[in-house]
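This briefing is meant to be read beside the sequence and the coordinates. The topics are aromatic pairs, helix packing, burial and backbone geometry.

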Amino acid sequence: MTDLGMLTVPPQRHRDLGGGVGYAFNGQHFDAPKDADVATIAATLQAPLSVIMQVTKVCDYDCSFCSETLRMPDPTLEQLDQIRQHLAGVARVFLSGGEPLMRKDFGEVVDIFTGHHIVAVPTNATHALDHARNIAGKISYANVGFEGPRATFKRVRGDYDKTMAGVRALQEAGIPLALSAVVYRSTLSVLPYTVQIADVLGATKVKLILPLRKGNALNLADHEFITTEEAETTFARLKEQRAEMQWSPALRLTAWTPENEGHMIVIEPNGTARAWPVYDAPDLWENLGNVLEEPISEIWKRYRFKENHVSKYVGRSIHAVAQGV
C-alpha cells in the first residue's frame with residue numbers, strides 16, 4: 001500500500017486523490033476508520049469522493065425501474081475533456097449512462113479520464129464485446145446490472161443471455177466485476193440466486209438498490225416498493241444465507257433514508273450537476289451547477305449534502321458485509 005498521510009490506496013490504483021484525509025480506497029470502496037468523524041472528513045475535502053458522469057442517456061434496455069428516461073445529445077470528447085479538467089480532486093468517476101458502452105468511442109472516453117481518476121463503469125454489458133479489450137487495465141471495475149435468474153432478469157431488466165455474453169467478455173479481458181440488483185417485493189425470493197451467480201462469476205460484490213418513484217418506476221405497482229424495515233430484514237437474512245453457503249461476494253444495501261438523501265452527485269451529458277435523490281425535489285434532482293462552466297470544487301462548496309455523501313461512500317449509512325467474510 002502507498003501511504004499518503006491518512007489516505008491509502010493500492011499502488012496499482014494510485015492516483016492524486018485531491019488531499020482528502022481520514023479515508024482509504026481499496027479498489028472498489030472507500031473506507032474510514034471506525035473512530036473517524038464523517039463531519040471532519042467532509043469539512044476537509046475540497047471535492048467529492050465520487051461522481052457519476054453520464055456519458056450518454058441512450059440505452060438499449062428499457063428497465064422497468066429506470067429513472068433516466070429523458071434523452072439528450074451525448075457530450076463530445078472535447079466537452080468530456082473539459083469536464084475531466086473541472087473534476088480535479090475527485091477520487092473516483094463512474095462513467096455511466098444510459099448505457100455507456102453504446103458509445104462507439106467509449107474507449108476514447110475512458111482514455112480521457114484514466115490517469116486522472118479512478119474509473120468505474122456501470123453497464124448492462126450488452127456491448128462489452130465491442131469494448132472490453134480496449135478498456136481492460138484502464139478501469140477499476142465494471143458494475144453489471146443483474147437481477148438474478150433468467151426469468152426475473154427478463155421481466156425486470158432485459159435480455160439475460162445478451163448480458164451474460166457481455167459478462168464473459170469482461171471476464172476474458174480480466175476486468176473485475178461487481179453486480180447490482182434493483183430490489184422489488186416480487187424479486188426478494190431470487191436474491192440468494194443473485195448472490196450465488198455473483199459467486200460463480202467471481203464478482204467482488206452484490207449491490208442491492210431500492211427503486212425510486214421516477215421515470216419507468218412510476219408505472220410499478222405500489223406493492224413492489226418494500227419499506228426500509230423490510231429491506232433491513234431481507235439484508236440480515238441474505239447475510240445469514242451468504243455465511244451458510246460460503247458465498248464470497250461482498251453485500252451492500254442502500255436504502256433511501258434521511259442519511260442517504262442527496263448523497264450522489266450526478267453529472268448529465270450537458271454538464272449539469274445534480275444531487276440525487278432529493279426526496280421533495282421535482283424529479284428527485286437538486287441542481288448544483290454545471291461542470292462545463294466551473295470546477296467541481298466550487299460546486300462542492302455550496303453542496304448541502306456533504307456529510308451524507310461521505311457517510312454513504314465510506315459505508316456508514318448503508319448495510320455492508322465485506323468480501324470473503
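How many aromatic pairs does the structure hold? The model is a predicted one, and the structure holds seven aromatic pairs. Two of these pairs are described below, followed by two helix contacts, two mostly covered helices, selected residue environments and backbone features.

**Aromatic pairs**

- The ring centres of Phe-153 and Tyr-160 lie 5.7 Å apart with the planes at 90°, and the pair is therefore edge-to-face.
- Phe-153 and Tyr-160 are each buried.
- Trp-300 and Tyr-303 form a tilted pair, because their ring planes stand at 35°, with the centres 5.4 Å apart.
- Trp-300 is buried, as is Tyr-303.
- A cluster linked by ring pairs is made up of Phe-146, Phe-153 and Tyr-160.

**Helix packing**

Two packed helices are described by the angle between their axes and the distance between the axes.

- Helix 4 (residues 128-135) packs with helix 6 (residues 160-172) at an angle of about 15°, and the two axes are 9 Å apart.
- Because angles under 35 degrees count as roughly parallel, helix 4 is roughly parallel to helix 6.
- The crossing of helix 4 with helix 6 is right-handed.
- On the helix 4 side, Ala-128, Leu-129 and Ala-132 take part in the contact, meeting Gly-166, Ala-169 and Leu-170 in helix 6.
- By class, the contact residues of helix 4 with helix 6 are five nonpolar, one polar and no charged.
- For helix 7 (residues 191-201) and helix 8, the packing angle is about 45° and the axes are 10 Å apart.
- Helix 7 and helix 8 are therefore oblique to each other, and their crossing is right-handed.
- Leu-191, Pro-192 and Val-195 of helix 7 meet Thr-234, Leu-238 and Gln-241 of helix 8.
- The contact of helix 7 with helix 8 comprises four nonpolar, two polar and no charged residues.

**Mostly covered helices**

- Six of the eight residues of helix 3 (residues 106-113) are buried, and the helix is mostly covered.
- The buried residues in helix 3 are Phe-106, Gly-107, Val-109, Val-110, Ile-112 and Phe-113.
- The cover over the buried residues of helix 3 includes strand 5 (50-54), helix 2 (77-86), strand 6 (92-96), strand 7 (118-123) and helix 4.
- Gly-115, just after helix 3, has a positive phi of about 100°.
- Helix 10 (residues 306-313) is also mostly covered, with seven of its eight residues buried.
- In helix 10, Lys-306, Asn-308, His-309, Val-310, Ser-311, Lys-312 and Tyr-313 are buried.
- A positive phi of about 85° is found at Gly-315, just after helix 10.

**Residue environments**

- Thr-254 belongs to strand 11 (residues 250-254) and counts as buried because its relative accessibility is 4%.
- Beyond residues up to four places away in sequence, Thr-254 touches Lys-207, Leu-208, Ile-209, Leu-210, Asn-260, His-263, Lys-312 and Ile-318. Of these contacts, Lys-312 is itself one of the buried residues of helix 10.
- Arg-213 is placed in the loop between strand 10 (205-209) and helix 8 (228-245), and its relative accessibility of 45% makes it count as partly exposed.
- Apart from neighbours within four places in sequence, Arg-213 contacts Leu-218, Asp-222, Phe-225 and Leu-284.
- Arg-213 and Cys-66 are separated by 147 residues in sequence, while their C-alpha atoms are 9.4 Å apart in space.

**Backbone features**

- The peptide bond from Gly-97 to Gly-98 is cis, with omega near 15°; Gly-98 is in the loop between strand 6 and helix 3.
- Another cis peptide bond runs from Trp-276 to Pro-277, with omega near -15°, and Pro-277 sits in the loop between strand 13 (272-276) and strand 14 (286-290).
- Leu-284 also lies in the loop between strand 13 and strand 14; its phi is near 65°, a positive value in a residue other than glycine.
- With a relative accessibility of 11%, Leu-284 counts as buried.
- Gln-246, likewise a residue other than glycine, has a positive phi near 60° and is located in the loop between helix 8 and strand 11.
- Gln-246 counts as exposed because its relative accessibility is 67%.

Technical notes
Residues are numbered from 1 along each chain as its sequence is written. This is a predicted model: local features need pLDDT of at least 70, side-chain atom pairs count only at pLDDT 80 or more; totals for chains, interfaces and linings use all residues. Side-chain values use heavy atoms; hydrogens and water are left out. Axes are lines fitted to C-alpha atoms, for helices over the stretch in contact, and angles run from 0 to 180 degrees between N-to-C directions. Helices (H or I, at least four residues) and strands (E, at least two) are DSSP runs, numbered from the N terminus. Angles under 35 degrees count as roughly parallel, over 145 as roughly antiparallel, 65 to 115 as roughly perpendicular and the rest as oblique. A crossing is left-handed if the near helix is turned anticlockwise from the far one by less than a right angle, and right-handed if clockwise. Contact means heavy atoms within 4.5 Å. Ala, Val, Leu, Ile, Met, Phe, Trp, Tyr, Cys and Pro count as nonpolar, Asp, Glu, Lys and Arg as charged, and the others, Gly among them, as polar. Rings of Phe, Tyr and Trp (its six-membered ring) pair if their centres lie within 6.5 Å; planes under 30 degrees apart count as stacked, over 60 as edge-to-face and the rest as tilted. Buried means under 20% relative accessible area, exposed over 50%, partly exposed in between (1.4 Å probe, protein chains only).
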